[in-house]
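Reader: Could you take me through one part of this model in detail? I would like a close look at the salt bridges around a single arginine, with the cut-offs spelled out.

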Amino acid sequence: MEKLNVVIHLDPDQVAKRQELCHQLHKDPDILEFLRQHQLPLEFIQRYVGKLDTYRQMKQTCRMCKGLDDCPYGIKGEYRDLAISNGKLVQEVKKCQYRMNYQKRFVHLKQYVINHLREELYETSVYRMDAEKETGEYLALCSQLISWLEHPNKGLYFYGGFGVGKTYLASCLCNDFAREGKEVAFINSSEFCNEMRMNWNQSERLFTIIQQMKQVDVLVVDDVGSEIVTNWVRDELLFPILDDRMGNKKLTLFTSNYNYDELLQHFMYNNKGEKDQINAMRLMERIRSSTDLIQINGKNRRF
């Protein structure tokens, strides 16, 4: 293919603006430092006025930045830096220190197969409890959980009133397992069951998700008892997952407003009011046998 040579002619105003911009770049500390680092002459500026001006603006913007929330770029924490390749000026996408620190803090989230955690729970850990803000009873429980983490031979079932810290503790444990390199899933029971019911006819997708729930090292089922009970949810979704996990001794953690007996009553009646004690008992047997019951008391921490 014949190479085309295109010559762009600037009008006098454009020439004047370009010369003024070159004059500014010749005095800019960031541009001068870039030239020094790469051992480039001042004449280099004339060849790459546009790119160097963009670089100058980027340096000024990033210098004023106080965090990812202030970042004006499309992908927070990513900017276009400059480099020299084969004597030519090229742009490289890089991550700023705020972005790298963020990724380091949240690298454990890559271990989540499904993550229904609220963002404020992404960094929780039983090793980082604030002794001044927690009650002695809550801190004592956290101490027990730290010991449990060393040899977790059975799952846990946290129950108690609204806002007492059940989900918080479950998120701590799930995050800590993820930091150890375990594959984990944290699901809100109502949200998970609703999503699965809405996609009941997508057999391949359902099969994949159910297999993931069976196989992850640690599964947290948050707020069990909040889901709408249908025969399909109880017998075709939850039962196969929990039965498989019990048989393979996989760790499963639950949080609930109900104790075991109250949860049994919840699962005994479907959304049509039909009673099925046998299948409810079959499901509860999997939950009871694979967990230790832990009651959490205290005031509502949300207020």
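Author: Happily; here is a walk through the salt bridges of Arg234, with another pair after them. This is a predicted model, in which local features need pLDDT of at least 70 and side-chain atom pairs count only at pLDDT 80 or more, while totals for chains, interfaces and linings use all residues. Residues are numbered from 1 along each chain as its sequence is written, and side-chain values use heavy atoms, with hydrogens and water left out.

Across the whole structure, a search finds 13 salt bridges (a side-chain nitrogen of Lys or Arg within 4 Å of a carboxyl oxygen of Asp or Glu). Arg234 takes part in a salt bridge with Asp235, where the closest N and O atoms are 2.7 Å apart. Both of these residues are buried (under 20% relative accessible area, with exposed over 50% and partly exposed in between, using a 1.4 Å probe and protein chains only).

Arg234 also pairs with Asp276, the closest N and O atoms being 3.3 Å apart. This pair links distant parts of the chain, 42 residues apart: Arg234 lies in helix H10 (residues 231-247), and Asp276 in the loop between helix H11 (260-268) and helix H12 (277-290). Helices here are DSSP runs (H or I, at least four residues), numbered from the N terminus. Arg234 has 0% relative accessibility, whereas Asp276 is partly exposed at 22%. Through shared partners, Arg234, Asp235 and Asp276 are joined into one network.

For another pair, look at Arg205 and Glu195, whose closest N and O atoms are 3.0 Å apart. Arg205 is partly exposed at 35%, and Glu195 is partly exposed at 27%.

Technical notes
Helix = DSSP H or I, 4+ residues; strand = E, 2+ residues; numbered from the N terminus.
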